[in-house]
Amino acid sequence: MSSAASSPPVTVRGASYAAAAVTMAHYKAADSKREQFRRYLEKSGVLDTLTKVLVALYEEPEKPNSALDFLKHHLGAATPENPEIELLRLELAEMKEKYEAIVEENKKLKAKLAQYEPPQEEKRAE
């Protein structure tokens, strides 16, 4: 056996160097992950948007009853409109118009058909 293995571990305020090294490595890994996440939020514009909304809440002369509702409202309004959503809205409006026209045409055709066909009760009597 080597002399290092037989000697008692050196302690730093009650912890061994090995335990301290493991703890330090853990903190460094956590800090590294935290830093990566912070950079990701910064790059994607999340930090800037959150800061703007929080500043708007801070500058609000009369604070709202629900700060969370304020944040939800302003975060929803802060996101740019997706062009695909706008296209879907236009398509929906067109489909509604077509639907209304078809319903109207259906009513007219039913009325016209009623002129040429006897009511259902008269057909059964025959």
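Helices and strands are DSSP runs, a helix holding at least four residues and a strand at least two, and both are numbered from the N terminus. In the predicted model described here, the chain has six helices and two strands. Their order along the sequence follows the pattern α-β-β-α-α-α-α-α.

The confidence of the prediction varies along the chain. The mean pLDDT of the chain is 80, and 69% of its residues reach 70 or more. Confidence is lowest in helix α1, which covers residues 3–6 and has a mean of 49. It is highest in helix α5, covering residues 83–116, where the mean is 93.

The exposure of the chain was considered next. Of its 126 residues, 3% count as buried. About 11700 Å² of the chain is exposed, and carbon and sulfur atoms supply 59% of this area.

A nonpolar patch lies on the surface and is formed by V46, L50, L54 and L75. Together these residues have about 290 Å² of accessible area. Helix α3, which spans residues 46–59, contributes the largest share of the patch, namely three residues. One of the patch residues, L50, is placed in helix α3. The relative accessible area of L50 is 36%; because this value lies between the limits of 20% for buried and 50% for exposed residues, L50 is classed as partly exposed.

Charged side chains were examined for pairing. Side chains of opposite charge can pair when their charged atoms come close. The structure holds six salt bridges, among them a group in helix α2, the helix of residues 17–43. The side chains of R38 and E35 form one such salt bridge, with a distance of 2.5 Å from N to O. These two residues are three positions apart in helix α2, about one turn of the helix. R38 has a relative accessibility of 34% and therefore counts as partly exposed. E35, at 31% relative accessibility, likewise counts as partly exposed.

Both members of this pair take part in a further salt bridge. The side chain of E35 meets that of R39 in a salt bridge of 3.7 Å, N to O. Because E35 and R39 are four residues apart in helix α2, about one helical turn separates them. R39 is partly exposed, with a relative accessibility of 44%. The side chain of R38, in turn, meets that of E42 in a salt bridge of 2.5 Å, N to O. R38 and E42 are also four residues apart in helix α2, so that about one helical turn lies between them. The relative accessible area of E42 is 49%, and E42 is therefore partly exposed. Through shared partners, these salt bridges join E35, R38, R39 and E42 into one network.

Aromatic rings were examined last. A pair of aromatic rings is described by the distance of the centres and the angle of the planes. Rings of Phe, Tyr and Trp are taken to pair if their centres lie within 6.5 Å, and by this rule the count comes to one aromatic pair. A contact between a charge and a ring was also found: the charged end of K63 sits over the ring of Y58, at 5.9 Å from the centre of that ring.

Notes: Residues are numbered from 1 along each chain as its sequence is written. Side-chain values use heavy atoms; hydrogens and water are left out. Patches are made of residues with over 30% relative accessible area and no salt bridge: like charges are joined within 9 Å, nonpolar side chains (Val, Leu, Ile, Met, Phe, Trp, Tyr) within 5 Å. Accessible areas come from the Shrake-Rupley method with a 1.4 Å probe; for residues, only the protein chains shown count as cover. A salt bridge is a side-chain nitrogen of Lys or Arg within 4 Å of a carboxyl oxygen of Asp or Glu. Buried means under 20% relative accessible area, exposed over 50%, partly exposed in between (1.4 Å probe, protein chains only). Rings of Phe, Tyr and Trp (its six-membered ring) pair if their centres lie within 6.5 Å; planes under 30 degrees apart count as stacked, over 60 as edge-to-face and the rest as tilted. A charge sits over a ring if NZ of Lys or CZ of Arg is within 6 Å of the ring centre and within 35 degrees of the ring normal. pLDDT is the predictor's confidence in each residue, from 0 to 100.
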